[in-house]
Structures are given as C-alpha cells and as structure tokens.
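Reader: Please take me through the features of this model one at a time, giving the general idea before each case.

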2 protein chains.
Amino acid sequence: MEKNRTITFKNKPRIVSYASVVGKKEGEGPLKNYFDKVLEDAIWDEDSWEKTERKMFKWVIETAAEKGNIPLKDIDVLIGGDLLNQIISAAFAARDLNMCFLGQYGACSTMAQSLIVGSVLTDGYYFNKVACGASSHFATAERQYRFPLEMGCQRPPTAQRTVTGAGCSILSLHGESNIHITSATIGRIIDWKIDDANNMGAVMAPSAADTLSCHFKNTKTCPEDYDLIITGDLGFHGKELCQKIINEEHGITLGANYTDCGCEIFTKDMGVDCGGSGCGCSASVLNGYLIEEMKKGKYKKILFMSTGALLSPTSSMQNDTIPGIAHCVVIERLEGE
Amino acid sequence: MEKNRTITFKNKPRIVSYASVVGKKEGEGPLKNYFDKVLEDAIWDEDSWEKTERKMFKWVIETAAEKGNIPLKDIDVLIGGDLLNQIISAAFAARDLNMCFLGQYGACSTMAQSLIVGSVLTDGYYFNKVACGASSHFATAERQYRFPLEMGCQRPPTAQRTVTGAGCSILSLHGESNIHITSATIGRIIDWKIDDANNMGAVMAPSAADTLSCHFKNTKTCPEDYDLIITGDLGFHGKELCQKIINEEHGITLGANYTDCGCEIFTKDMGVDCGGSGCGCSASVLNGYLIEEMKKGKYKKILFMSTGALLSPTSSMQNDTIPGIAHCVVIERLEGE
C-alpha cells in the first residue's frame with residue numbers, strides 16, 4: 001500500500017441535497033437540462049462579475065437547503081472556496097447566510113477537497129449537516145489570473161474556458177438519500193515545471209494520474225470497478241495527457257468509463273478551446289448531471305476527482321512554475337441503506 | 001446551547017512536536033527566547049520576500065518533524081495556509097516536501113482553523129500524523145494588501161505590523177507529549193461594516209467576542225476556567241474592543257488571564273503601532289511561547305483563538321467592507337495521559 005492517503009468512511013455520509021447554477025454559455029452545452037438554474041447573462045443584475053459569483057455561491061447553498069427541506073439554520077458549517085483572491089465568493093456568501101465557515105483553497109480541486117473535509121466532519125459525528133460548495137466565473141477568473149476580457153487577448157489552443165457556475169452538496173449521516181460518499185484519497189502537489197497559464201490541463205494531468213493510481217492501489221480497485229471515473233477540469237488536452245501518464249507510469253488504462261467534467265459541460269464546437277475549467281466546472285457537473293444520473297440509476301459507483309492548478313500571479317511573476325493537485329472521492333448509490 | 005459549533009475531541013489529539021521561526025524585529029521583542037529561529041534579516045538569502053516566507057513555512061515543518069524525531073514521510077497530510085494569493089507559501093512548501101495537502105484559508109485565523117481540521121483528522125482515526133502550519137511576512141503582506149514598503153506610506157495609529165513568522169504543530173493520537181487539543185469552536189463571519197485596511201483589530205474584535213462567548217456557553221465554562229485566554233492578532237486596540245464587546249453583549253468579563261498574541265510578541269515602544277498581526281503571529285506565539293510554557297507547567301489549560309480579517313483588495317476595490325472570523329481550540333496539559 002502506498003503512503004496513507006486514503007480514507008474509508010465507516011458511516012458513509014449521504015449527499016442529502018444538492019444544487020447547481022451555471023452561466024449562459026454552460027446552459028447551451030450538452031448538460032443544460034441538469035442544472036437547477038441557467039443564468040441569462042454573465043452579470044445577473046449585479047454591478048460586478050465578482051458579486052455575481054458570490055450571488056451564485058449563496059444561491060446554490062440556499063437552493064440545496066430548500067430542495068432538501070433543510071432550514072438554513074440547521075446547517076452547522078459551510079466548507080468551501082473559490083478562485084478569487086481571499087476566496088471572497090465563499091466567505092461573503094457565508095457572511096450573508098450567517099454560517100460557520102472553514103474556507104478551503106485547492107484551486108479547482110476545491111469541490112472534492114470540501115467534500116473530503118465535509119465527509120470527515122459528518123462521518124466522525126463532529127457535525128450533523130455540512131454544506132460543501134465551490135464556484136467560479138469566466139470573467140472574474142480571466143481578469144484575475146490572465147487578462148481582462150476587455151483586452152480581447154487571443155487565446156492559444158490549449159486554453160480552457162473557466163466555467164461560470166457553482167455547486168453545493170449538503171452532507172449528513174441521516175436522511176432519505178441513497179447517494180453516499182464511501183472513500184476518498186487526498187492529493188499531493190506535483191510540479192512538472194509547466195509555467196504556461198494557458199495550459200492548465202497539462203499542469204493538472206500529472207497530479208490527477210498520481211492521485212488516481214494511488215487510490216486504485218490503496219482501495220485495491222481498478223478502473224473497471226467504477227461505472228464512471230470523472231476528473232474535474234483537465235479538458236480535452238489534459239484528459240488525454242492523464243490517460244497517457246497513468247498508462248506509462250502505472251500501467252493503468254483509463255478507457256470508455258473515463259471522462260472529464262470540462263469535456264462534458266462543453267462540446268468542442270462551442271469555441272471553448274480545450275473545454276471547461278474552474279472550481280465551478282466539477283462543482284456544477286457533480287451537483288447537476290452526476291448526482292442526478294446516480295439518482296436515476298445510470299451510475300452506481302463514481303470516482304469523482306477535482307483537479308487544481310495552483311496558479312498564482314504572485315508566484316508566476318517571480319518565475320515560478322505552476323504545480324497541480326487532485327483529490328478524489330468515491331460516490332456510491334447504495335440500495336436499501 | 002447555541003448552534004452546534006463546538007467540537008469535543010474524544011481522543012484528545014496530542015501536539016507531538018512544534019516549531020517556530022520569526023523575523024529580526026520579532027526576535028527583538030519580549031518572546032525572543034522562545035522561537036526556534038530568529039532570522040537575521042527580512043530576506044534570508046532568497047531573492048524575494050515571498051520566497052523567504054515559503055522558506056519559513058518549509059523550515060517550521062522540517063524542524064517540527066526533526067524535533068519530534070518524526071521522519072517527514074510519516075506525516076500523512078499538511079493542513080495550512082497563509083495570506084499570500086493562492087496560499088503559495090503553504091502550497092509550495094507542500095510541493096517541496098512532497099506532502100499531501102489540504103489548503104486552508106481563514107486569513108489570520110488559519111493556525112486555529114488548521115488545528116481544528118487536523119484535530120478532526122487525527123481524533124477520528126482518519127490519519128496518524130498531521131502537520132498544521134501557517135505563516136506571514138511583513139513585507140509580502142504590506143505589498144499585497146496595502147502599499148509596497150518602498151512607498152514609505154504613513155501608517156495610522158490603528159495599523160498593526162504583520163508578523164514575519166511561521167509556526168507548525170504536528171498532531172497525533174500517539175506520542176510522548178502531554179499537550180492535548182481537547183475541544184474547539186468554529187467561527188462564523190461577522191461584519192461590522194468596517195472598511196479600513198489599517199484597522200484590523202476593530203474588524204476582528206466582534207468575531208472574536210462571538211466565538212469566545214459561544215465557546216463558553218457550549219462548553220459551560222467561564223473565563224476563570226482557563227489559565228490563559230489568548231486571541232490571535234487583535235492588537236492593543238482590538239483587544240480592548242473585544243473585552244468591551246463581550247462584556248456589553250454577553251456580560252462576560254475578560255480579565256487578567258486574557259491577552260492577545262499581537263500584544264505579546266511586540267511591546268508598544270517598538271514602533272509597531274497597535275501590535276502584531278498576520279497568520280504568523282498566532283502561529284509563532286503558539287508554537288514558540290505558549291506550548292513551551294505549557295510544557296514547563298506555567299499554563300495547564302489555554303483557550304487559543306486565531307482571528308482573521310477577510311480583507312481582499314478585490315472586494316475592497318469594489319466598496320465592500322471587511323468581515324472577520326475567529327476559531328478557537330482548547331489546549332490542555334494533561335498529567336499521566
């Protein structure tokens with residue numbers, strides 16, 4: 001067994017409710033019917049995109065609570081984060097909802113990271129109901145990490161489009177839901193010395209392959225044991241790289257049951273270069289499409305992994321490279337439990 | 001009982017090792033003999049202050065491991081963060097040490113937040129050894145949050161000096177140490193609509209009072225039950241405000257056994273305005289002075305609370321106010337356990 005990185009949850013926390021919201025472009029993609037709300041424009045009646053992102057974050061928590069008939073005051077703590085500096089989307093949403101808050105930062109791996117921390121808090125009987133959430137917005141991410149959209153910079157073919165979206169899962173040991181979190185593997189930081197802020201797929205693929213192979217080894221499972229293995233936002237290029245790396249380094253073949261949220265939320269012909277990215281990508285796909293299809297019975301056991309590129313303008317401007325990290329959780333539909 | 005915000009740790013995780021490093025100015029203050037290392041200058045042979053901060057973060061983890069005779073590879077996961085955008089000090093330290101990483105962001109409340117997450121992970125038998133850390137650096141914080149030092153801006157009397165320092169505690173259920181984490185209370189975000197980035201004490205005092213009063217209520221304790229109650233970085237002004245708020249709103253008197261790390265690490269005559277602040281303030285005071293004095297027997301039961309101002313240039317530039325958050329843990333010296 002590899003280093004102790006894998007957790008098995010004895011009490012199998014349930015995803016008792018969930019919600020997602022996405023932007024207009026995401027609402028034109030193949031998963032459009034799965035989201036609770038599709039925005040009509042990028043601004044949603046706010047006066048800045050940052051405030052829109054915060055509104056999305058707050059909305060998914062409120063909506064997840066409402067869908068699950070859970071009074072907001074019954075949520076013990078909010079675990080989550082986003083890409084904006086000082087995770088203001090999550091923090092200000094927590095402020096407005098008067099919630100206890102443990103802010104997480106794992107770049108685009110935040111949804112899985114929050115689910116891991118949330119699962120530990122419920123599985124270990126520390127808290128009763130925990131909300132886990134993440135968000136991102138195309139316009140806020142571009143201007144913070146790359147160039148303001150108004151500059152009209154040309155994007156290289158490896159660029160990805162940050163998903164405008166947010167997702168929230170509410171975890172508890174008790175409830176009607178038969179969707180459970182059963183295990184998780186925590187990521188370590190892998191740096192293949194890529195320094196191109198427009199090639200996030202390549203930054204994250206090595207850490208995705210590392211966490212996946214570790215998870216298979218520690219849980220004595222193989223890719224065929226899952227109905228679906230889905231990474232967060234490697235995109236079209238990163239997905240291929242991940243398959244190549246895990247095959248060459250670990251002899252593992254990720255086949256037809258493997259995909260990536262960033263390749264599912266957009267199609268190649270939507271003008272999104274290498275597909276979707278951002279915290280909101282895996283957060284909205286999980287809390288829209290994936291859980292919905294698990295409830296319908298299409299998938300019974302999913303390996304869900306969010307992938308993060310620890311890109312920082314501060315470190316990039318000091319000639320640092322961009323490391324990656326990836327965390328995964330196993331989500332299972334358990335009959336009669 | 002108030003809302004479920006308090007955790008009691010059944011297995012009382014031990015602080016099995018700890019380490020701290022501070023800058024030159026902190027090394028001239030009253031706690032100078034408690035730190036494992038005092039830097040000779042602000043740069044420590046690096047080519048930027050950001051890289052110095054990262055070096056401090058890495059150093060405290062390595063040193064805590066070494067002091068506890070713990071091989072670095074035995075540390076299952078690093079929980080921590082810092083004030084720099086995308087928490088690069090913690091993330092790059094984790095990269096260099098090849099550690100699994102769950103990045104935390106709670107502004108200056110990060111040390112207590114990391115101890116809470118780390119305590120849950122060990123107390124619940126999820127991991128064996130967890131390192132919890134936080135750092136800050138005067139020069140990196142000033143240029144990211146306020147003005148570059150080179151501008152020589154005048155600082156108002158309510159300003160605090162961000163501590164150049166880092167601290168790390170290694171937690172485990174097993175080991176020689178008799179210093180245990182026994183309970184914790186998670187903070188919620190309180191916003192008294194202060195928008196002055198040079199008045200952090202006033203931003204954080206209401207949340208400190210809120211978490212403290214909630215902790216007393218939930219654990220049925222009062223200030224006299226602790227040998228020491230110590231907040232993170234309220235500073236001279238914020239400490240007084242906290243005493244005033246908790247007295248007026250909750251009828252609780254914080255007396256002679258109450259102090260603040262920011263008031264302990266510097267004296268008023270050191271030209272530091274309202275005292276120390278930053279993640280590194282409570283992190284270095286805990287992992288230098290506090291644990292050392294608990295080992296010697298001066299303190300047997302401490303209520304340690306880190307306080308965070310969720311200041312973000314992104315939100316401030318959009319006319320947002322600055323919310324505060326505070327998390328606390330109870331640290332006890334238990335004989336014969």
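**Reading burial, salt bridges and symmetry**

Author: A:Glu142 has a relative accessibility of 5% and therefore counts as buried, where buried means under 20% relative accessible area, exposed over 50%, and partly exposed in between (1.4 Å probe, protein chains only). This is a predicted model, in which local features need pLDDT of at least 70 and side-chain atom pairs count only at pLDDT 80 or more, while totals for chains, interfaces and linings use all residues. Residues are numbered from 1 along each chain as its sequence is written, chains are lettered from A and ligands numbered from 1 in the order in which they are written, and side-chain values use heavy atoms, with hydrogens and water left out.

Reader: With which residue does A:Glu142 form a salt bridge?

Author: Side chains of opposite charge can pair when their charged atoms come close. A salt bridge here is a side-chain nitrogen of Lys or Arg within 4 Å of a carboxyl oxygen of Asp or Glu, and A:Glu142 forms one with A:Arg155, the closest N and O atoms being 3.4 Å apart. The pair links distant parts of the chain, since A:Glu142 belongs to helix H4 (residues 138-145) of chain A and A:Arg155 to the loop between H4 and strand E7 (161-162), 13 residues apart; helices (H or I, at least four residues) and strands (E, at least two) are DSSP runs, numbered from the N terminus. A:Arg155 is partly exposed, at a relative accessible area of 25%.

Reader: How far apart are N and O in the salt bridge of A:Asp36 and A:Lys67?

Author: Their side chains meet at 3.0 Å, N to O. A:Asp36 lies in the loop between strands E2 (14-22) and E3 (37-38) of chain A and A:Lys67 in helix H1 (residues 49-67), so this pair ties together parts that are 31 residues apart in sequence. A:Asp36 is partly exposed at 33%, and A:Lys67 is partly exposed at 39% relative accessibility.

Reader: What rotation superposes chain B on chain A?

Author: Two copies of a chain are related by a rotation about an axis and a shift along it. Here a rotation of 180° with 0.0 Å of shift along its axis superposes chain B on chain A (RMSD 0.0 Å), the fit being by least squares on the C-alpha atoms of residues with pLDDT of at least 70 in both. The two copies are thus related as by a two-fold rotation axis. In chain B, the C-alpha nearest the axis belongs to B:Gln104, 2.4 Å from it.
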